[in-house]
Amino acid sequence: MMKVCIINGPNLNLLGQRETEIYGQKTLSDIEKDVKRFAENRDIKVDFFQSNSESEIIDKIHFVKKDSEIKGLVINAGAFTHTSIAIMDALKALSIPVIEVHLSNIFQREEFRRNSYVSLVSTGVISGFGPHSYLLALEYLSKNLS
Ligand code: DQA
């Protein structure tokens, strides 16, 4: 069974309560359940992680680097997407596919959201499909990893 890690950044623990007109009604735990169901049907094991702390996210990326069973990383770095060179550098050290996801379409919003440090090092970006963005990322990984 293939293993994939999904990292969620700051404020994503508030999904369902925060700017629901942009991010929708689903909580992160609803998304985790949907993602795990989708993954199980494709024989993928998911390590689903969230942190509000930049250092914990970097430590998690280092953990992903060490675990040779993890074959792909999906990351929604939240606002760190637009600010964190440190997360970008940590991702650069990985040799597995990195899929950047966003619930909202970051290119359609404020100017500052159009810059993504994560995009500079990711395999691809999925942005604007709500919780479905995560499933599209898993779909890609399930078809392109063995
Ligand atoms: C987000 C977009 C970011 O700009 C924002 O800071 C978030 C969520 C998204 O999933 O649409 O926290 O990553």
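In this predicted model, a charge meets a ring where the charged end of R42 sits over the ring of F38, at 3.6 Å from the ring centre. This arrangement makes a friendly starting point for a walk through the structure.

Rings also meet one another. The structure holds 1 aromatic pair. Its members are F48 and Y134, whose ring centres are 6.5 Å apart and whose planes make an angle of 40 degrees, so the pair counts as tilted, a class that lies between planes under 30 degrees apart (stacked) and planes over 60 degrees apart (edge-to-face). F48 belongs to strand 2, which covers residues 44–50, while Y134 belongs to helix 5, which covers residues 132–144; the pair therefore ties together parts that are 86 residues apart in sequence. How accessible are these two residues? F48 has a relative accessible area of 14% and is buried, because buried means under 20%. Y134 is buried as well, with a relative accessibility of 0%.

Attention now turns to the ligand. Which residues surround the ligand? The surrounding residues are R18, Y23, N76, G78, A79, H82, H102, L103, S104, I106, R109 and R113. Sorted by class, this shell has 4 nonpolar, 5 polar and 3 charged residues. Several side chains place polar atoms beside oxygen atoms of the ligand. For R18, a polar side-chain atom lies 3.0 Å from a ligand oxygen. For H82, the distance between an N or O atom of the side chain and an oxygen atom of the ligand is 2.7 Å. For S104, the corresponding distance is 2.6 Å. On its own, the ligand has 320 Å² of accessible area, and the protein covers 99% of this area.

S104 deserves a second look. This residue is found in the loop between strand 4 (98–102) and strand 5 (124–127). Is S104 buried or exposed? With a relative accessible area of 7%, S104 is buried, since the limit for buried is under 20%. The side chain of S104 also takes part in a polar contact of 2.8 Å with the side chain of R109, and R109 is itself one of the residues around the ligand.

A last stop is H62, found in helix 3, which covers residues 54–66. Its relative accessible area is 39%, so H62 is partly exposed. Along the chain, H62 and N105 are 43 residues apart, and in space their C-alpha atoms are separated by 28 Å.

Technical notes:
Residues are numbered from 1 along each chain as its sequence is written. This is a predicted model: local features need pLDDT of at least 70, side-chain atom pairs count only at pLDDT 80 or more; totals for chains, interfaces and linings use all residues. Side-chain values use heavy atoms; hydrogens and water are left out. A residue is near a molecule or strand if one of its heavy atoms lies within 4 Å of it. A polar contact is a pair of N or O atoms within 3.5 Å; within protein, one must be able to donate a hydrogen and the other to accept it, and residues adjacent in sequence count only if both atoms are side-chain atoms. Accessible areas come from the Shrake-Rupley method with a 1.4 Å probe; for residues, only the protein chains shown count as cover. Ala, Val, Leu, Ile, Met, Phe, Trp, Tyr, Cys and Pro count as nonpolar, Asp, Glu, Lys and Arg as charged, and the others, Gly among them, as polar. Rings of Phe, Tyr and Trp (its six-membered ring) pair if their centres lie within 6.5 Å; planes under 30 degrees apart count as stacked, over 60 as edge-to-face and the rest as tilted. Helices (H or I, at least four residues) and strands (E, at least two) are DSSP runs, numbered from the N terminus. Buried means under 20% relative accessible area, exposed over 50%, partly exposed in between (1.4 Å probe, protein chains only). A charge sits over a ring if NZ of Lys or CZ of Arg is within 6 Å of the ring centre and within 35 degrees of the ring normal.
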